[in-house]
Number of protein chains: 2
Amino acid sequence: MTPPLFDTVAEVRRRVDLERRRDRKIALVPTMGALHAGHGALIDRARREPDCVVVSIFVNPIQFDRRTDYEAYTINLEEDLEFCGARGADLVFAPSTEEMYPRPPGTFVEVTGLSEHLCGRFRPGHFRAVATVVAKLFHIVAPDRAYFGEKDAQQLAIIQKMVADLTFPVEIIPVPTVREADGLALSSRNRRLNPEERRAAPALYRALRAASDCIARRSALAAEAKQAALQVLAQEPRIRVEYLEVVDPGSLAPVERIEGPVRIAAAAWLGETRLIDNVPCP
Amino acid sequence: MTPPLFDTVAEVRRRVDLERRRDRKIALVPTMGALHAGHGALIDRARREPDCVVVSIFVNPIQFDRRTDYEAYTINLEEDLEFCGARGADLVFAPSTEEMYPRPPGTFVEVTGLSEHLCGRFRPGHFRAVATVVAKLFHIVAPDRAYFGEKDAQQLAIIQKMVADLTFPVEIIPVPTVREADGLALSSRNRRLNPEERRAAPALYRALRAASDCIARRSALAAEAKQAALQVLAQEPRIRVEYLEVVDPGSLAPVERIEGPVRIAAAAWLGETRLIDNVPCP
């Protein structure tokens, strides 16, 4: 059974208000559709609470730095609805671009300090657009809890900072990355890989693990850990590394000497497809 | 009788939630304290609805461009509480700076397009800080309606745009400017004027009226209207004009030819005190 679908702000608000009057908490799983088992894990985690679980499906045009990437981001709403139903979501909010942006976007949420590193360096304006659309979704659905995947570690950290700084009444719950058997982190973009690229892709995770293992063997130098990772990637000429960094898990700033927990994060290109991944260490 | 005072986010949220469960709407009157009849008009307007009327009192340090201005902004909480009680406010939220900013502010709400003109040109970062603190107050109190004075026309326009762009579930209700018998717009800053400055101050409103009259007499040129205003101000050497503009009431951008409703807005200095005022036309 597919869950009820709402495509306007007014309608989804009315429905969510009704649930709240029945003393149900509201859970939000924000997605851009093209749902896979990674999103499934977010819904499953939300489902563990007795909350009304709302899945939002909205491909936010302003967060794409390349028009081709936005256009390649096709979703099949019918398939996504079925997916949400099978996972037990209570309702789906899938607004049009016009409903979310009835006029050109003119107000933006800027999260400073975390947006400059990692992906932020290569995707100017991306996280500002992500923070802005998540703020809008929070204002529309007014969730008590919202679920974000650790695969997008920088996005997660930015949303957590936004919520704390702007005193949003929302609890952010991180959900661990879901991987294929060969280690590749699930992503809607994986389906754009051709068979050869798909075979090469798991090297990204192997590289992150090599860096993590290097640190676990008591190397205190980020440069050595990065070297270990780059050696793995050197064996896959199809992979072009955009960045690979050992960062502080709080500030996401690169560290040189490793003196506590860190996160190892990377972005890499396979043909026209950009993949990201990260692992905590330890 | 003074209304109950809350100084923490958790406590005011608990109380407001309770009111909401009793099916009361929540009204917010955001202030920086030092309450006067202008704030009284905001509370009176809110009181016309059967809502739970919350007055917030918080002098937002990040919106002051000059430290001396912030330090001069002293408030007497006891007097303000009594004022709120006399006007029939239901409760007061007066957090400390540490409660509002437990860590250095790192996330900001940027309203583009409206913030560059008028005061924005002379107070860089001011409206970003205003939008940010108002967003925080909206997240804390979760009002159904919020009341803002037309005296701060640019602030009002920016908050209205922020609410529309970020889909805040809040209705913004503008309240007309309250004036002294001699025309001076009420402002907490008026009490900083010495007797001579206070006598000179109403010339600002007279100047705005002169511009408005000039347009009413069918002058279609902003330059002529401004000339009429500046002639009035020239008779008060104590007043130093910062800006005086005829602007589009929607975008707040200066207009040259007047072809529809406009707003005439000015900022001026009297000694160390900066005053602003504006009038609609027609």
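Here is a walk through the structure, from the single chain to the pair.

Keep in mind that this is a predicted model, in which local features need pLDDT of at least 70, side-chain atom pairs count only at pLDDT 80 or more, and totals for chains, interfaces and linings use all residues. Residues are numbered from 1 along each chain as its sequence is written, while chains are lettered from A and ligands numbered from 1 in the order in which they are written.

Let's start with chain A by itself. It has 11 helices and 10 strands; these are DSSP runs numbered from the N terminus, with at least four residues for a helix (H or I) and at least two for a strand (E). Its radius of gyration is 19 Å, close to the 19 Å that the globule rule gives for 282 residues, so chain A is as compact as a globular protein of that length. (The radius is taken over C-alpha atoms, and the rule is 2.2 Å times the number of residues to the power 0.38.) Along the principal axes, the C-alpha atoms of chain A fill a box of roughly 55 × 40 × 40 Å.

How much of chain A is tucked away? Buried residues make up 44% of its 282 residues. Here a residue is buried if 20 or more other C-beta atoms lie within 10 Å of its own, exposed if 12 or fewer, and partly exposed in between, with C-beta atoms placed from the backbone. Looking at contacts in chain A with a separation of 6 or more, 70% are between residues 24 or more positions apart. Two residues are in contact if their C-beta atoms, placed from the backbone, lie within 7 Å.

Next, the domains. The assignment for chain A gives domain 1 (5-175) and domain 2 (188-281), with bounds that come from an automatic or database domain assignment. Taken over C-alpha atoms, the two centres are separated by 26 Å. Where they meet, domain 1 of chain A puts in 13 residues and domain 2 of chain A puts in 16. On the domain 1 side, helix H6 (119-122) and helix H8 (153-165) of chain A are the elements that give two or more residues, and H8(A) has the largest share, with 3 residues. By class, that side has 8 nonpolar, 4 polar and 1 charged residues. For these classes, Ala, Val, Leu, Ile, Met, Phe, Trp, Tyr, Cys and Pro count as nonpolar, Asp, Glu, Lys and Arg as charged, and the others, Gly among them, as polar.

Now hop over to chain B for a sheet. Six strands form an open sheet there: 6 strands in the order E1-E4-E3-E2-E6-E7, with parallel pairing. Strands pair if DSSP finds at least two bridges between them. Strand E1 (5-6) and E7 of chain B stand at the edges with a single partner strand each, so one side of each is left without a neighbour in the sheet. Inside the order, strand E3 (residues 52-57) and strand E4 (residues 91-93) of chain B pair in the parallel sense over 3 bridges, and Ser56(B) stands opposite Phe93(B) in E4(B).

So how do the chains come together? In chain B, 22 residues are in contact with 22 residues of chain A. Helix H1 (9-21), strand E5 (107-111), helix H7 (126-141) and helix H8 (153-165) of chain B each supply at least two residues of that side. The largest share, 5 residues, comes from E5(B). The side of chain B that touches chain A has 11 nonpolar, 6 polar and 5 charged residues. Strand E5 (residues 107-111) of chain A is joined to E5(B) by 5 bridges, and the two run antiparallel; Glu110(A) stands opposite Phe108(B).Two copies of a chain are related by a rotation about an axis and a shift along it. Here, a turn of 180 degrees and a shift of 0.0 Å along the axis lay chain B on chain A with an RMSD of 0.0 Å, which is the relation of a two-fold axis. (Copies are superposed by least squares on the C-alpha atoms of residues with pLDDT of at least 70 in both.) In chain B, the C-alpha nearest the axis belongs to Val109(B), 2.4 Å from it.

One last backbone detail: the peptide bond from Cys281(A) to Pro282(A) is cis, with omega near -5 degrees. Pro282(A) sits in the segment after strand E10 (273-281) of chain A.
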